[in-house]
Amino acid sequence: MRTWVLFGVLVTVGLIFLTCDAFPSNEVYALKNFREAIYEDPHLVFSNWNALDSDPCEWSGIFCSMARDHVVKINISGASLKGFLSPNLHFISSLQELILHGNVLISTIPREIGLLKNLKVLDLSSNQLIGPIPIELGNLSNIIKINLQSNGLTGKLPSDLGDLKYLQELRLDRNKLKGTLPASNGSNLTSSARGMYVSGAKPTGLCRLSQLKVADFSFNFFFGSIPKCLNYLSKSSFQGNCLQAKDPKQRSTALCEGTPPAKNHSVQSNNKHRSVEGRARHQSSSKPTWLLVLEVATGVIAGSLLLVAILTAIQKCKNKSSIIIPWKKSASEKDHMTVYVDTEMLKDVLSYSRQELEVACEDFSNIIGSSPDSLVYKGTMKGGPEIAVISLCIKEEQWTAYLELYFQKEVAELARINHENTAKLLGYCRESSPFTRMLVFEYASNGTLYEHLHYGEGCQLSWMRRMKIIIGIAKGLKYLHSELDPPFTISELNSNSVYLTEDFSPKLVDFESWKSIIARSEKNSGAISSEGAICVLPNSLESRHLDIQGNMYAFGVLLLEIISGRPPYCKDKGCLVDWAKEFLEVPEVLPYVVDPELKHFKYEDLKVICEVVNLCVHPNSSSRTSMKDMCAMLELDIDTSITAELRASSLAWAELALSS
């Protein structure tokens with residue numbers, strides 16, 4: 001008897017171990033693909049995602065079933081993950097919750113998400129997703145909550161969402177969705193409890209969502225009327241659109257330009273059209289035969305041309321609808337996935353050919369900057385401006401579809417920047433033979449601020465000139481952080497990312513945004529690690545400077561560098577911030593921070609600069625004020641007028657004469 005009991009125990013233990021070892025490989029594969037599509041992980045969420053581990057239940061953000069045999073939940077929110085949403089998540093067939101809000105996911109929502117039949121919660125809010133809502137989401141038969149708010153989604157709202165019979169919460173606010181709200185019913189009889197139709201014609205679209213309790217369609221571009229079956233929702237759920245509604249506040253007519261006219265107007269228009277057609281038919285009976293023949297021939301030719309145009313457009317759409325990305329260099333179909341590229345992203349950005357850039361940059365011999373990731377050339381366009389061309393150093397075999405999407409996204413991001421203190425992106429170059437990915441910026445002829453501070457003649461950067469540069473940088477950052485929507489941050493804000501024009505006006509430029517993605521592309525695609533993190537500077541300057549708070553800290557360091565003439569970090573004296581602390585806190589010794597090459601400086605200006613520096617480098621990031629406030633402090637308390645410059649230096653008259 002004991003032998004049988006012992007045998008039973010051994011069998012049970014063996015089954016447990018077998019179960020643990022038998023975690024579905026396709027789910028692990030899908031998670032690894034999900035990780036590979038993320039190229040920036042500032043909070044090191046993936047630091048414990050082990051590529052060699054076949055059991056992901058201990059990985060950050062992953063939750064498994066009680067039996068530890070399936071992944072049932074992915075919750076990685078507020079982590080600032082930057083990358084793409086992998087279509088291969090549909091291999092996690094038991095997934096019930098996909099929560100990724102508060103990240104920087106770009107590109108489109110994969111239609112494969114609609115294959116997750118067990119999904120109950122889909123939260124992709126507060127990202128940078130674009131494109132239409134896939135109609136395949138209407139196949140999520142068990143979904144209870146969908147949250148896609150605060151993205152850049154476009155197109156019409158799919159009526160297929162009306163098939164989600166268990167849906168209780170639908171949040172689509174703060175996107176760029178257009179069209180009418182797909183909900184209708186022919187009956188006028190409604191339920192007093194919910195405002196839903198209970199008799200008459202069969203409801204369609206959103207009117208079929210009998211369990212819907214919360215919905216938000218605000219701040220889109222929906223037009224038409226609010227469906228009666230949704231009257232039970234809060235009025236604020238419809239505000240900020242182009243709807244025919246008196247109660248909820250709608251967008252202005254100018255913002256709604258291009259939306260169809262009101263329904264009653266269209267009816268009148270149709271009636272007029274019909275009457276015109278009637279008169280035309282009546283008149284045509286009296287036309288001569290030769291005129292009728294001519295009209296028929298003209299119609300046939302026009303119809304043929306239209307048909308050819310339609311077929312050509314369809315063929316083009318087929319050719320550019322998707323590209324295949326090899327996750328691994330393998331012929332296996334499983335190791336390939338389709339990524340849909342948004343071809344509209346760069347439609348308003350000028351595209352240069354490699355040949356014209358080669359001519360402009362003297363056969364790419366005029367190199368003015370280099371790094372392991374890129375080369376910077378100076379050139380002059382024929383009959384046009386001087387340019388700076390950044391060429392990405394990456395091999396074609398390392399370039400994936402995700403990298404291509406990232407390139408397009410970054411070009412579109414840079415193209416929307418337009419300020420006197422930021423370098424203007426003029427265009428891009430994207431060619432296959434030879435493989436080329438380049439960015440074309442306007443050229444600032446006076447080199448970088450770093451060169452002037454550490455290799456140039458110190459007298460060129462007088463105190464007043466440095467104050468103007470500081471205020472110019474502050475204005476540029478204020479524009480990027482508070483006047484652009486969404487905000488833009490400089491990847492590595494330092495004196496090398498500040499270019500100077502002929503009159504020493506600063507131009508902020510983001511040449512380093514490619515570092516993390518190129519670094520990841522050079523690694524094994526199967527590796528999962530925290531390699532996305534970039535150490536910009538040692539010790540206390542380890543911040544990646546990829547967010548607003550990082551830019552604020554870097555701005556403080558940059559101010560110290562400008563007024564002291566010292567580099568941010570050196571082996572002998574360590575970190576500039578640590579060196580300056582003993583002076584910043586004691587007003588009497590503040591002048592020791594100033595560059596010894598400066599013969600004149602204004603103590604009142606120095607106090608303001610040091611106050612701003614203290615705010616920027618404060619250990620508690622929540623205690624830092626906004627760039628808007630700091631810019632106001634600098635502009636208000638530092639006088640950079642010509643009168644102030646003349647008072648500051650006896651040589652100012654000569655400087656003014658030379659610069660004029």
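Here are legends for a set of close-up views of this predicted model.

**View 1. The whole chain, before zooming in.**
The protein chain has 15 helices and 28 strands. Of its 660 residues, 45% are buried. Take the contacts between residues at least 6 apart in sequence: 58% of them join residues at least 24 apart. Keep that in mind for the views below, where several pairs come from separate parts of the sequence.

**View 2. The largest nonpolar core, seen around Leu634.**
This core has 79 residues. Leu449, Ile473, Phe555 and Leu634 are the ones with the most contacts inside it. Zoom in on Leu634 and, leaving out residues up to four places away in sequence, you'll find it touching Ile470, Ile471, Ala474, Phe555, Val608, Ile609 and Val612. Apart from the largest core lies another, of 61 residues, with Ala30, Leu140, Ile143 and Leu167 among them. As a rule of thumb, nonpolar side chains in soluble globular proteins tend to be buried together.

**View 3. Helix H8, end to end.**
Helix H8 takes in residues 463-483. At 1.5 Å a residue, its 21 residues should span 30 Å, and the end C-alpha atoms sit 29 Å apart, so the two values agree. H8 is also mostly covered, with 15 of the 21 residues buried.

**View 4. Helix H2 and what it hides.**
H2 is the helix of residues 25-36. Its 12 residues should span 16 Å at 1.5 Å a residue, and the end C-alpha atoms are 16 Å apart, so expectation and model agree here too. Nine of the 12 residues are buried, which leaves H2 mostly covered. The buried set isn't just greasy side chains: Glu27, Asn33, Arg35 and Glu36 are among them, alongside residues including Val28, Tyr29, Ala30, Leu31 and Phe34.

**View 5. Asn88 beside Asn33 of H2.**
Stay with Asn33, one of the buried residues of H2, and look across to Asn88. The two are 55 residues apart along the chain, but their C-alpha atoms are separated by 6.9 Å. Asn88 belongs to the loop between strand S4 (82-84) and strand S5 (97-99). Loop or not, Asn88 has a relative accessible area of 5%, so it counts as buried.

**View 6. Glu597 and Ser462, a pair from far along the sequence.**
Glu597 sits in the loop between helix H11 (576-584) and helix H12 (603-616). With a relative accessible area of 53%, Glu597 is over the 50% cut-off and so counts as exposed. Its partner in this view is Ser462: the two are 135 residues apart in sequence, and 9.3 Å apart in space, C-alpha to C-alpha.

**View 7. Gly155 in strand S10.**
Gly155 lies in strand S10 and is partly exposed, at a relative accessible area of 30%. Setting aside neighbours within four places in sequence, Gly155 is in contact with Lys176, Leu177 and Lys178. Pro134 is 21 residues away along the chain, with 9.9 Å between the C-alpha atoms of Pro134 and Gly155.

**View 8. Two loop residues with positive phi.**
Neither Ser150 nor Phe364 is a glycine, yet Ser150 has a positive phi of about 60° and Phe364 one of about 55°. Ser150 is in the loop between strand S9 (145-147) and strand S10 (152-156). Phe364 is in the loop between helix H5 (354-360) and strand S20 (367-370). Their surroundings part ways: Ser150 is partly exposed at 26% relative accessibility, whereas Phe364 is buried at 11%.

**View 9. A cis peptide bond at Pro434.**
Here the bond joining Ser433 and Pro434 is cis, with omega at about -5°. Pro434 is found in the loop between strand S23 (425-431) and strand S24 (436-442).

**View 10. The second largest cavity.**
Four cavities of 30 Å³ or more turn up in the model, and the second largest holds about 70 Å³ of space. Of the 13 residues that line this cavity, Leu414, Ile417, Ala423, Leu508 and Asp510 are the closest to its centre. What is the lining of the second largest cavity made of: nonpolar, polar or charged residues? The split is 10 nonpolar, one polar and two charged.

Methods:
Residues are numbered from 1 along each chain as its sequence is written. This is a predicted model: local features need pLDDT of at least 70, side-chain atom pairs count only at pLDDT 80 or more; totals for chains, interfaces and linings use all residues. Side-chain values use heavy atoms; hydrogens and water are left out. Helices (H or I, at least four residues) and strands (E, at least two) are DSSP runs, numbered from the N terminus. Buried means under 20% relative accessible area, exposed over 50%, partly exposed in between (1.4 Å probe, protein chains only). A nonpolar core is a set of buried Ala, Val, Leu, Ile, Met, Phe, Trp, Tyr and Cys residues joined through side-chain atoms within 4.5 Å. Contact means heavy atoms within 4.5 Å. The expected span of a helix is 1.5 Å times one less than its number of residues. On a 1 Å grid over the protein atoms alone, a cavity is a set of points where a 1.4 Å probe fits but cannot get out, and a pocket is an open set with protein on both sides within 12 Å along at least five of seven lines; lining residues have an atom within 4 Å of a point. Grid points are joined across faces, edges and corners, and a volume is the space filled by probe spheres set on the points. Ala, Val, Leu, Ile, Met, Phe, Trp, Tyr, Cys and Pro count as nonpolar, Asp, Glu, Lys and Arg as charged, and the others, Gly among them, as polar.
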